[in-house]
Amino acid sequence: MYKEKSLSPYLHFSRSQWATLRNSVPMTLSEQEIDDLRGIHDEISIDEVIAIYLPLSRLLNFYISSNLRRQAVLEQFLGRNEAKVPYVIGIAGSVSVGKSTTARLLQALLSRWPEHRKVDLITTDGFLHPNSVLNERGIMKKKGFPESYDMHNLVRFVSEVKSGTPRVLAPVYSHLTYDIIPDKQLVVEQPDIVILEGLNVLQSGMDYPEAMHHVFVSDFVDFSIYVDAPEELLKSWYIGRFLKFRQGAFSDPNSYFHHYAQLEESEAVSIASTIWDEINGLNLHENILPTRERASLVMTKGTNHMVTNVKLRK
């Protein structure tokens, strides 16, 4: 059914091979719901959800059920009821690859399994340093790079969630103002599953050599997904998204990028291309792509954001 490459830690599936693993899992999302969940430049269809995301949700449900059984064994051994520990799913990948859409789709699908599990979605954007700090340190153009994150706070948050702490708070990031929202926090109250989405969820100590602590987000992730695509597609998707934002969100006077709204299209394309080459593409090669082989599962996209193949760690 699958192709096994010698000396590879992964099982390799074509799109059609992976789709057969759905195994009659029912479709629980309508076309309108899928449309509401997709990102501004994603082209996720209901057929894509059926072929790729239903098998993935089935696999995750197996892993989560197994994890719960393991917790029950531990409680039986200890002779006491421990705090509920959520299953943490990490989703990593480049800017513009569609991580957010993947995270939202999985949140919706996993919450609709018969077990009716509570699924919370957290993005690591909330743990970026505020713009005031980035400007003070002269690293505003390094936003998304390892040094731009408050790793101490992010690791503390994930550690508390994974410890079963009843109520944990997370900062909230605004893509409109391009900054942390002051005095606003997201409350996480003992979910069954936490989906943690961001550029840095698979990074470890080797990505933060200056860090004083030796524990990282990846240490708390139970299952990790890397959403992959060739760089030429990533760059074209980024430029396309930039142009859509120029027509929409950038036109809002409160937008950090409002000054881009009046650009001619050719100038907007040139600026977006430069931003990719100097910031996002550089971050991809230096800090994101090297984490791909740490993932439990790698899904690779082709044109139209359609997944062409899947690799699953043995």
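These legends go with an overall view and several close-ups of a predicted model.

**Figure 1. The whole protein chain, with eight helices and ten strands.** The radius of gyration is 20 Å, close to the 20 Å that the globule rule gives for 314 residues, so the chain is as compact as a globular protein of that length. Lay the C-alpha trace along its principal axes and it spans about 65 × 45 × 40 Å. Half-and-half is the picture for burial: 50% of the 314 residues count as buried. Take the contacts with a separation of 6 or more, and 72% of them come from residues 24 or more positions apart. The accessible surface comes to about 15200 Å², and carbon and sulfur atoms hold 53% of it. As for charge, there are 33 positive and 38 negative side chains, and the centres of these two sets sit 6 Å apart.

**Figure 2. Lys162, a buried lysine in helix H6.** Helix H6 covers residues 151-162, and Lys162 belongs to it. With a relative accessible area of 18%, Lys162 falls under the 20% cut-off, so it counts as buried. What does Lys162 touch, leaving out residues up to four places away in sequence? The list is Val85, Pro86, Tyr87 and Val88, plus Phe220 and Asp222.

**Figure 3. Phe13 and Trp18, an edge-to-face aromatic pair.** Searching the whole structure turns up six aromatic pairs, and Phe13 with Trp18 is one of them. Their ring centres are 5.4 Å apart, with 70° between the planes. Are these two rings' residues buried or exposed? Phe13 is buried, at 7% relative accessible area, and Trp18 is buried too, at 3%.

**Figure 4. Tyr238 and Phe242, a tilted pair within helix H7.** Here the ring centres lie 6.4 Å apart and the planes make an angle of 45°. That angle is neither under 30 nor over 60 degrees, so the pair counts as tilted. Both residues sit in helix H7 (residues 231-247), four residues apart, which is about one turn of the helix. Tyr238 is buried, with a relative accessible area of 11%, and Phe242 is buried as well, with 4%. Look for Trp276 in this view too: Tyr238, Phe242 and Trp276 form one aromatic cluster.

**Figure 5. Glu115, in the loop between helix H4 and strand E4.** Helix H4 is residues 99-111 and strand E4 is residues 119-123, with Glu115 in the loop between them. Its relative accessible area is 40%, so Glu115 counts as partly exposed. How far apart are the C-alpha atoms of Glu115 and Asn61? They are separated by 9.6 Å, although the two residues are 54 residues apart along the chain.

**Figure 6. Asp183 and Asn304, two residues with positive phi.** Most residues other than glycine have a negative phi, so a positive value is worth a look. Phi of Asp183 is near 60°, and phi of Asn304 is also near 60°. Where do they sit? Asp183 is in strand E6 (residues 179-188), whereas Asn304 is in the loop between strand E9 (297-301) and strand E10 (307-313). Asp183 is exposed, with a relative accessible area of 83%, while Asn304 is partly exposed, at 43%.

Methods
Residues are numbered from 1 along each chain as its sequence is written. This is a predicted model: local features need pLDDT of at least 70, side-chain atom pairs count only at pLDDT 80 or more; totals for chains, interfaces and linings use all residues. Side-chain values use heavy atoms; hydrogens and water are left out. Helices (H or I, at least four residues) and strands (E, at least two) are DSSP runs, numbered from the N terminus. The radius of gyration is taken over C-alpha atoms; the globule rule is 2.2 Å times the number of residues to the power 0.38. Buried means under 20% relative accessible area, exposed over 50%, partly exposed in between (1.4 Å probe, protein chains only). Contact means heavy atoms within 4.5 Å. Accessible areas come from the Shrake-Rupley method with a 1.4 Å probe; for residues, only the protein chains shown count as cover. Lys and Arg count as positive and Asp and Glu as negative; His and the chain ends are not counted. The place of a charge is taken as NZ of Lys, CZ of Arg, CG of Asp or CD of Glu. Rings of Phe, Tyr and Trp (its six-membered ring) pair if their centres lie within 6.5 Å; planes under 30 degrees apart count as stacked, over 60 as edge-to-face and the rest as tilted.
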